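User: I should like to go through this structure with the criteria stated alongside the values.

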Amino acid sequence: MTALLEVSGISVTFDGFRAINNLSFSIDEGELRAIIGPNGAGKTTFMDIVTGKTKPDAGTVTFGERSISLLGLNEARIARAGVGRKFQRPTVFEDQTVEANLILALKANRSPWRVLFWSPKAADMARVQELATEVGLGDQLQRKSGELSHGQKQWLEIAMLLAQEPRLLLVDEPAAGMTPAEREQTTTLLVSLAKTRAVVVVEHDMEFVRRLNCRVTVLHEGSVLAEGSLDHVTRDPQVISVYLGRG
Amino acid sequence: MTRRSFFARNPSALIFIACLAVFTLAVTLMSEAYGPGLISTSFVKTLGKTLCLCLVALAMDLIWGYAGILSLGHMAFFALGGYMIGMWLMYARTEEIVVTALAQGGLPATPEEIQQGIATQIFGVVGSSDLPAIWSFAHSLPLQLILALAVPGLLALGFGWLAFRSRVTGVYLSILTQAMTLALALYLFQNDSGLRGNNGLSGLQNLPGLGDTAQDLVSIWFFWASALALGLGYLTLSWLVSGKFGSVVRAIRDDEARVRFLGYPVEVYKLFLFTLTALIAALAGVLYYPQAGIINPAELAPIASIYLAVWVAIGGRGRLYGAVLGAAFVSLLSSLFTSGRLPDIPLGPASLNWVDWWLVILGLSFVAVTLFAPKGIGGLFDRFQHIGAPDRKGAQLGPDDGSLQEQEAQK
Ligand SMILES: Nc1ncnc2c1ncn2[C@@H]1O[C@H](COP(=O)(O)OP(=O)(O)O)[C@@H](O)[C@H]1O
Ligand SMILES: [Mg+2]
């Protein structure tokens with residue numbers, strides 16, 4: 001199997017503070033991967049780099065079988081290349097309906113001219129309905145998304161990510177602020193998502209990661225501390241000292 | 001899936017077009033040209049100019065109300081359009097006069113003589129007798145009309161490209177647009193700018209070749225043209241903001257970073273909107289200045305573009321009819337108060353002079369609208385349709401603080 005995302009030797013400095021320090025690792029096609037690490041370990045910054053929001057000072061990030069470099073591309077180009085991102089807070093367009101939000105995300109040509117003359121085909125609307133139903137919003141299409149509850153907004157955002165059909169999905173702390181039942185649902189969803197695409201989940205809750213049952217990368221002070229199964233990394237003395245030392 | 005017709009999806013567009021048609025007909029039938037003259041020719045011109053201001057307000061609403069880009073420079077594009085059409089009007093009209101004058105000498109005038117005569121006539125006031133190079137196309141209406149769109153359009157394209165590419169947003173962008181319009185105004189104030197310095201261009205109400213046609217008629221023709229442009233502009237923009245494109249534009253206003261992560265080239269959208277609205281503003285200017293009769297660099301003063309924003313804010317941004325109502329309401333009131341026809345109100349030792357106090361009143365109403373009625377005049381229509389502002393009572397619908405309450409969600 002070839003790597004879908006290959007990050008090697010990246011470093012980022014914010015005002016003299018090294019948030020990411022010579023970080024390297026890779027994600028395979030269709031892999032589910034959890035990234036854990038204490039607060040401030042650089043997990044969100046890593047996502048910022050892959051999605052083009054932050055430019056690293058050094059290193060390379062390549063994507064896809066032709067290994068295109070993501071560093072020269074802007075956020076929109078990276079998204080079109082097939083990288084989707086879910087933020088920590090739910091970010092949906094609150095002023096617009098659930099349907100409009102999904103149509104925005106639906107995979108289609110993004111150029112202004114093509115969008116201007118876009119009109120909904122039966123297949124598009126069926127797909128919107130299907131996605132909404134999948135996340136339990138099937139009968140809420142005409143509601144303003146600002147009216148939805150926090151959990152529903154999270155789900156809507158997940159449906160929007162599915163509509164984008166990314167090859168790699170980066171999910172930042174999906175379970176934050178969720179009830180235990182919603183967490184359960186979220187794990188199930190992430191596992192099923194990973195069947196058709198690569199998913200990277202950032203989380204610092206060990207219990208949640210255990211349920212994902214996947215390979216785990218531990219970040220600490222901007223670089224990889226350990227990698228392997230959850231049991232493997234939790235036995236690692238360095239990981240224990242980082243977590244317990246702070247805990 | 002069956003798709004409802006455009007008007008079924010946008011009932012306000014149909015209502016707007018109907019109102020505009022009735023208004024146009026009523027004014028025509030009351031004008032001096034086609035009726036008993038209940039409306040004076042000068043008031044027909046005021047109304048025609050107001051329609052042009054409504055059109056530029058539509059453009060402002062698209063760029064600010066929908067896309068969230070507070071441009072404070074769009075009246076520069078409006079005035080540039082006016083200058084370009086003004087050059088042809090002044091040139092062609094002067095040409096007629098010069099040809100007639102020279103013909104009285106007996107011999108037919110040579111093209112050089114005519115050219116020289118025109119240059120002296122137009123540029124005598126700034127102490128020059130050469131036609132500047134920028135007047136090279138002024139003899140031709142089609143060429144000058146192309147310039148009337150090309151010059152503002154290319155300026156907007158260039159300015160927008162520089163600004164949006166470096167991701168200038170918010171108040172910095174507003175300041176930059178103010179600087180742009182100020183710089184242009186200062187440039188045009190110079191006599192050697194080639195556009196007659198602070199004299200500007202005048203006599204624009206006299207259409208070349210129509211010297212014998214009364215202004216009664218000309219004014220109503222321009223009124224019709226302005227109404228047509230406003231109607232078409234309204235339909236085009238309603239179509240633009242109603243579909244997926246409008247959805248992207250509003251999304252950019254609300255969270256542009258998120259729109260980028262969906263894969264939309266946000267900068268290209270902004271540039272497209274900025275240029276499109278500049279073109280609409282220029283078109284409005286082309287129709288406005290022949291009715292105003294005169295244009296000078298003061299029209300590009302930064303304050304002009306700020307007024308434009310005030311109209312849209314008072315009318316209610318993010319809804320097209322709001323922009324039109326705001327522009328019509330405020331600019332008509334403004335011409336009433338500044339006409340000097342309203343009697344002063346004696347207040348003991350002092351007296352309230354409307355001409356002096358109008359700006360203060362306008363400023364206060366702007367502050368009042370911003371604070372107490374952010375939806376502007378357009379908000380009144382929501383009252384009718386019972387789209388209330390959130391009235392926070394009852395149990396929350398969701399677990400978080402931000403979600404709407406059950407009553408308000410149903411409205
Ligand atoms: N834009 C920024 N400017 C300055 N410091 C930043 C910026 N973004 C992140 N940091 C710092 O980088 C470190 C890593 O942050 P982050 O990636 O958000 O951590 P995590 O998501 O793992 O909790 C933190 O110490 C944070 O304060
Ligand atoms: Mg984080």
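User: Which residues surround ligand 1?

Analyst: The model is predicted, with local features needing pLDDT of at least 70 and side-chain atom pairs counting only at pLDDT 80 or more, whereas totals for chains, interfaces and linings use all residues. Residues are numbered from 1 along each chain as its sequence is written, chains are lettered from A and ligands numbered from 1 in the order in which they are written, and side-chain values use heavy atoms, with hydrogens and water left out. Ligand 1 is surrounded by Phe14(A), Phe17(A), Ala19(A), Asn39(A), Gly40(A), Ala41(A), Gly42(A), Lys43(A), Thr44(A) and Thr45(A); a residue is near a molecule if one of its heavy atoms lies within 4 Å of it.

User: What makes the approach of Thr45(A) to ligand 1 a polar contact?

Analyst: A polar contact is a pair of N or O atoms within 3.5 Å; within protein, one must be able to donate a hydrogen and the other to accept it, and residues adjacent in sequence count only if both atoms are side-chain atoms. An N or O atom in the side chain of Thr45(A) is 2.5 Å from an oxygen atom of ligand 1, so the pair meets the cut-off. Backbone atoms also take part: a polar one of Gly42(A) is 3.0 Å from a ligand oxygen, and an N or O atom of Lys43(A) lies 2.8 Å from one.

User: Why is the pair Glu227(A) and Arg33(A) called a salt bridge?

Analyst: The term requires a side-chain nitrogen of Lys or Arg within 4 Å of a carboxyl oxygen of Asp or Glu. The closest N and O atoms of Glu227(A) and Arg33(A) are 3.5 Å apart, therefore the pair qualifies. Glu227(A) lies in strand β10 (residues 223-228) and Arg33(A) in strand β3 (residues 32-36) of chain A, 194 residues apart; strands are DSSP runs (E, at least two residues) and helices are runs of H or I (at least four), numbered from the N terminus.

User: Is Arg33(A) buried or exposed?

Analyst: Buried means under 20% relative accessible area, exposed over 50%, and partly exposed in between (1.4 Å probe, protein chains only). Arg33(A) has 2% relative accessibility and therefore counts as buried. Its partner Glu227(A), at 26%, is partly exposed.

User: What separates Glu96(B) and Arg93(B) along the chain?

Analyst: Both lie in helix α4 (residues 74-103) of chain B, 3 residues apart, which is about one helical turn. Their side chains meet in a salt bridge at 3.6 Å, N to O. Glu96(B), at 29% relative accessible area, and Arg93(B), at 24%, are each partly exposed.

User: How many salt bridges join chain A and chain B?

Analyst: The count between the two chains is 3. One pair meeting the criterion is Glu157(A) and Arg258(B), at 3.6 Å, N to O. Over all chains, the whole structure has 22 salt bridges.

User: What is the area buried between chain A and chain B?

Analyst: It is about 3,200 Å², of which carbon and sulfur atoms give 64%. Buried area is the accessible area (1.4 Å probe) that two parts lose on being put together, summed over both. In chain A, Phe93(A), Pro112(A) and Leu116(A) lose the most area to chain B, together 19% of what that side buries. The contact, meaning heavy atoms within 4.5 Å, takes 40 residues from chain A and 32 residues from chain B.
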